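Thank you all for coming this morning. Please take a moment with the sequence and the structure on the screen, and then we will walk through them together.

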Amino acid sequence: MEDLTKIADGDKKETFLGAWPYYDLQRKIEYKAKEKGIKIRYINPAYTSQRCSKCGYICKENRESQEVFKCKNNSCGYSANADFNAARNISLNDI
Ligand SMILES: [Zn+2]
């Protein structure tokens, strides 16, 4: 999950209020995960939606739309659902 503790500290009121539902959801997920013995890992979300999960190429244009990811690296061309690609990047743990 993304580390939202800095937002939750309330540096910026609007950001804090906007992020609150996610922060609240994270606390509930953490609680349930702990109950079941599941480890939570926090990641830096930077570039997870722009990075190709197949070749690692990072480019803003890789994200063609909200739904479509298409790698602009000529030797790759990997295409996938944008959320799926971002989830793969997060799971790879090398970003
Ligand atoms: Zn690629």
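Let me begin with asparagine 62, which is placed in the loop between H2 and strand E1, the strand that covers residues 68–70. Is asparagine 62 buried or exposed? Its relative accessible area is 0%, and because buried means under 20% relative accessible area, asparagine 62 counts as buried. If you look for serine 49, you will find that asparagine 62 and serine 49 are 13 residues apart in sequence, while their C-alpha atoms are 8.4 Å apart in space. I should say at this point that what you see is a predicted model, so please keep that in mind for everything that follows.

Let us step back to the chain as a whole. The protein chain has 3 helices and 2 strands, and if you follow the elements from the N terminus on, you meet them in the order α-α-β-β-α. The chain has 95 residues, and 23% of them count as buried.

Next, the metal. Which residues coordinate the zinc ion? They are Cys52, Cys55, Cys71 and Cys76, each through its SG atom, at 2.3 to 2.4 Å. Along the sequence, these donor residues follow the spacing C-x2-C-x15-C-x4-C. The angles among the 4 donor atoms run from 105 to 113 degrees, and the site of the zinc ion is tetrahedral; it earns that name because four donors count as tetrahedral if all angles lie between 85 and 135 degrees. Two of these cysteines are worth setting side by side: cysteine 52 is buried, with a relative accessible area of 0%, whereas cysteine 55 is partly exposed, at 36% relative accessibility.

Now to the charged side chains. How many salt bridges does the count come to? The count comes to 4, and I will take you through some of them, starting in helix H2, which spans residues 13–36.

In that helix, the side chains of arginine 27 and glutamate 30 meet in a salt bridge, with 2.6 Å from N to O. These two residues are 3 apart in helix H2, which means that about one helical turn separates them. Arginine 27 is partly exposed, at 26% relative accessibility.

Still in helix H2, glutamate 35 and lysine 32 are also 3 residues apart, about one turn of the helix, and their side chains form a salt bridge at 3.5 Å, N to O. Glutamate 35 is partly exposed, with a relative accessible area of 47%, and lysine 32 is likewise partly exposed, at 47%.

Another salt bridge joins the side chains of lysine 72 and glutamate 64, at 2.7 Å from N to O. Lysine 72 has a relative accessible area of 32% and is partly exposed, and glutamate 64, with 46%, is partly exposed as well.

Finally, let us turn to empty space. Rolling a probe the size of a water molecule over the atoms shows where such space is left. The largest pocket has a volume of about 150 Å³. What lines the largest pocket? Its lining is made up of Met1, Glu2, Leu4, Ala19, Tyr22, Leu25, Gln26 and Ile29, and these residues divide into 6 nonpolar, 1 polar and 1 charged.

That is where I will stop, and I am happy to go back to any part of the picture.

Notes
Residues numbered from 1 in each chain as written. Predicted model: local features only at pLDDT ≥ 70, side-chain atom pairs only at ≥ 80, totals over all residues. Heavy atoms only, no water. Donors = N, O, S within 2.8 Å, 3.2 Å for Na, K, Ca; no water. Tetrahedral: all angles 85-135°; square planar, octahedral: opposite > 155°, others 65-115°. Buried < 20%, exposed > 50% of the residue type's maximum accessible area, 1.4 Å probe, protein only. Helix = DSSP H or I, 4+ residues; strand = E, 2+ residues; numbered from the N terminus. 1 Å grid on protein atoms, 1.4 Å probe; cavity = no way out; pocket = protein on both sides within 12 Å on 5 of 7 lines; lining within 4 Å. Points joined across faces, edges and corners; volume = space filled by probe spheres on them. Nonpolar A, V, L, I, M, F, W, Y, C, P; charged D, E, K, R; others polar.
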